Amino acid sequence: MLRRHRHAARLTLEQLAEASGVSARTLSDMERGRSRGPQQRTVAALADALALGEIARKQFIDLAREGRLRDHWTRPTGLCELPRSVDDFTGRVAELAWTNDFLRADNLPGVAGVGLITGPAGLGKTTFAVRAAHGLRLSFPAGVFFLDLFGMSQRPLAVDDALRLLLGALGVADQQMPGDAPGRASLYRSLLRDKRVLVVLDNAASEEQVRPLLPGGGGGRALVTSRRLLAGLEGVRRLSLGPLPLQDSTELLTGILGGRSASDGEPALTQLAQLCGGLPLALRIVGNRLVSRPGWNAADLAARLTNEERRLEQLSAGDLKIATAFGLSYEQLAASARRVFRRLALVPGRDFDAALATVLDGTSIEDAWNALDELVDLGLLQDSPSGRYRFHDLVRLFARDRLHEEENAADRDTLTATMTSWMLRMATTAGRWFEPAYGSPDRPDADLADLSSLEGADQWLRVNADNWLGALRYAATSGQHPAVLDCAESMHWFSDRWMHAPHWHEVFTLGAEAAAALGDPAQQAKQLNLLAWVHLVPRDDLEATLRYTAQAMDLATRSGATAQIAWAHQNAGAALRRLGRLDEATASATQAAEMFKANGDIDAYCQCLGALGACLRDAGRYMEALKQYLDLWALLNDDQSGMTPSVAAFTRPIALARVGECLGLLGRRAEAIIKLTEAVSLMEQVQLPVPQARSLEILAAILADEGRHDESRRAYARAAEVFEAIGNVDASRRCHDLATAVH
């Protein structure tokens, strides 16, 4: 076909080589049939140089793809001899123990002696099965046999051919072999019943292909590997292989390198192992590349692999290519599943759900589920009980390559814009649930996923944080300032519920930049006030808080935004209190309270009352502070106060904890323990880990003073856990040490 197209284009080999960038020798090998399955990039370059039309181009590319598959799936001959086991096999200790115990067992009630090993491409299923089979040879004196079923080929091994090969290996002569598949299957099962035989059926394509090849009982055993889950197989024991842990990955790489590993150094080998994502095939490729090139070192190769744009290209050694392994799975997919697979590479976060797949594919949720199920079945996606999906890092890169190869830049930009718009509108809608002025917002757009409760909005924002934050970044870089500001502004009250999250600084910085670009000083002041809060609570940088409040105050004063002036006073007061400047702090909190009360903002007014209580407590005026917190507590529980229920529910446990703290400082420890215990329980319910950790530490200290040492140790230990969860390592270590010191 190549020669015919070249002659039609009136080109010599040299002219086509110059036009395509493919060497004349390669072209000659292709035209003479020495190279029947050239790589896709080569074929695409030739199709471009030959200016092939759409139909001719497709035929040309498809023919090369079939050639690659024929080259890869060269049929073996012989009597199903087990391949050799690699000497540097590493890890899988628990999995090998499971396989050995299962296959050696004499009595297997309800199970016909079949073990099914599944997992994505590159995980070493075949290597594992071969290793296990070699270790079991003595347990199967009648023979251990191996048969590749070519499940990833366009033409998997037919059942009758497989039975013919297996029966031949079991000693059945051609003239004694039944002519039909059912007869062969019956004879095969009878032989396995009477013989202690292990059959390794590698690379199974489907349940229909493998079912006739399984033993029906007796002494025979079978070990099946497949990229597919083969969920329809009944009565089998299942083992799902996952990526190797980092320690085992580094050990495997060290074993492949042998003596030269010492010169490469453990840090470089560990980095290479991390970049391979625990896939034995990738580790094998990296190790082979280093062994075959003595002049290279591991650090240099690791530096090459850190470039995501070229990582898959670098994971290639001779006929071992990680992209080829993934490509064989990709070729098995229906066109709709291929489309979903490659488009999901646009998702900015680490995981996603079916709703986002529908946005990218423009299809129904049912069709999206079907495509995702197909991808999971072939190991191209990993699923979870929560209904979320994720790529292995290297598979994501492969999906991105497919996207760039098969969809043009304009379509990719349109898809990214569609996903960004949907994600930001979802995030903004979810954030509005927590705003006092909104309560439960109406669903504004018909294409958005339904958020029917405060809890649902909270859950959506948390599990999709990486995705909506990625969408926010993209919108900011592409100048979508109104959407960025709207999303950042909607996160004001939700950020209080998830104050230890690491991304609020970026969210509100992007919001402030968007407001500045739009020439809106009042909104810019609001975003700067939120940045002041970020540095006050999650980041604990009080001087930065004061800088941001000063900027916010200036902008708010010039634009007449009285609410933002009040918030600037409130944030500044909190920073001043923690800096020990109590008089200034009290003045700022008082001014903020008066302004909020005058504006009718009872929610913010209550926050100021709590701040004034903290000033009194820090000044040692514990009785006055207790009265202040009790007044706040009464207001929070007054149905006629005008407070938004969600804000009251958020503030109530914090106020109760402060009541307990003041009681403890006044020596009323028994009352303090009751209040703090109740407050901690409420904080657990409404997910307020930052104040919860602090309250647990205070409670633990009071319990120790009361001589309730076991309870104190438990409270300190729990405080250490919560501090660790929110990333406060120093506080976690402190509470852990206090827990061990209590006696």
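This talk goes through a predicted model, from its overall dimensions to its strands, a few of its helices and some of its charged side chains.

Let me begin with the whole chain. The protein has 743 residues, of which 51% are buried, and its secondary structure consists of 38 helices and 10 strands. Along the principal axes, the C-alpha trace spans about 100 × 70 × 55 Å. The accessible surface comes to about 33,200 Å², and carbon and sulfur atoms account for 49% of that area. If we take the contacts between residues at least 6 apart in sequence, 68% of them join residues that are at least 24 apart. As for charge, there are 82 positive and 92 negative side chains, with the centres of the two sets lying 7 Å apart.

Turning to the strands, I would like to start with β1, which covers residues 114-118 and is mostly covered, five of its five residues being buried. Which residues of β1 point which way? Val114, Leu116 and Thr118 point to one side, while Gly115 and Ile117 point to the other, and all of them are buried. That is the pattern one looks for, because in a regular strand the side chains alternate between the two faces of the sheet. β1 pairs in the parallel sense with β4, residues 221-226, over five bridges, and within that pairing Leu116 has Val224 as its bridge partner. β1 also runs parallel to β5, residues 237-240, to which it is joined by four bridges, and here Ile117 stands opposite Leu239.

There is also an open sheet of three strands, in the order β8-β10-β9, with antiparallel pairing. Its edge strands are β8, residues 351-352, and β9, residues 382-383, each of which pairs on one side only. Between β8 and β10, the latter being residues 389-390, there are two bridges, and Asp351 stands opposite Arg390.

Next come two helices and their surroundings. In α18, residues 335-343, the buried residues are Ala337, Val340, Phe341, Arg342 and Arg343, and the elements that cover them include α17, α19, α20, α21 and α22. In α23, residues 454-463, the buried residues are Leu454, Ala457, Asp458, Trp460, Leu461 and Arg462, and their cover includes α22 again, together with α24, α26 and α34.

Since α22 appears in both of those lists, I would like to look at two of its residues. Arg412 is found in this helix, and what makes it worth a pause is that Arg412 is buried yet has no salt bridge, the nearest side chain of opposite charge being Asp413, 5.9 Å away. Leaving aside neighbours within four places in sequence, Arg412 is in contact with Leu346, Leu403, His404 and Glu407. Thr418 also has its place in α22, but is it buried, partly exposed or exposed? Thr418 counts as partly exposed because its relative accessibility is 36%. The C-alpha atoms of Thr418 and Arg400, which are 18 residues apart along the chain, are separated by 17 Å.

Finally, the salt bridges, of which a search of the whole structure finds 46. In one of them, Arg6 is paired with Glu31, the closest N and O atoms being 2.7 Å apart. This pair links distant parts of the chain, with Arg6 in α1 and Glu31 in α3, 25 residues apart, and both residues are buried.

A second example, between Arg402 and Glu406, has its closest N and O atoms 3.0 Å apart. The two are separated by about one helical turn, because they lie four residues apart in α21. Arg402 is buried, with a relative accessible area of 11%, whereas Glu406, at 35% relative accessibility, counts as partly exposed.

The third example is the pair of Arg432 and Glu489, whose closest N and O atoms are 2.6 Å apart. Here again distant parts of the chain are linked, given that Arg432 is in α22 and Glu489 is in α25, 57 residues apart; Arg432 and Glu489 are buried.

Some salt bridges share partners, and in this way Arg339, Arg342, Arg343, Asp361, Arg402, Glu406 and Glu407 are joined into one network. Two members of that network, Arg342 and Arg343, were already mentioned among the buried residues of α18, and Glu407 was among the contacts of Arg412.

Technical notes: Residues are numbered from 1 along each chain as its sequence is written. This is a predicted model: local features need pLDDT of at least 70, side-chain atom pairs count only at pLDDT 80 or more; totals for chains, interfaces and linings use all residues. Side-chain values use heavy atoms; hydrogens and water are left out. Buried means under 20% relative accessible area, exposed over 50%, partly exposed in between (1.4 Å probe, protein chains only). Two strands pair if DSSP finds at least two bridges between them. Contact means heavy atoms within 4.5 Å. Accessible areas come from the Shrake-Rupley method with a 1.4 Å probe; for residues, only the protein chains shown count as cover. Lys and Arg count as positive and Asp and Glu as negative; His and the chain ends are not counted. The place of a charge is taken as NZ of Lys, CZ of Arg, CG of Asp or CD of Glu. A salt bridge is a side-chain nitrogen of Lys or Arg within 4 Å of a carboxyl oxygen of Asp or Glu.
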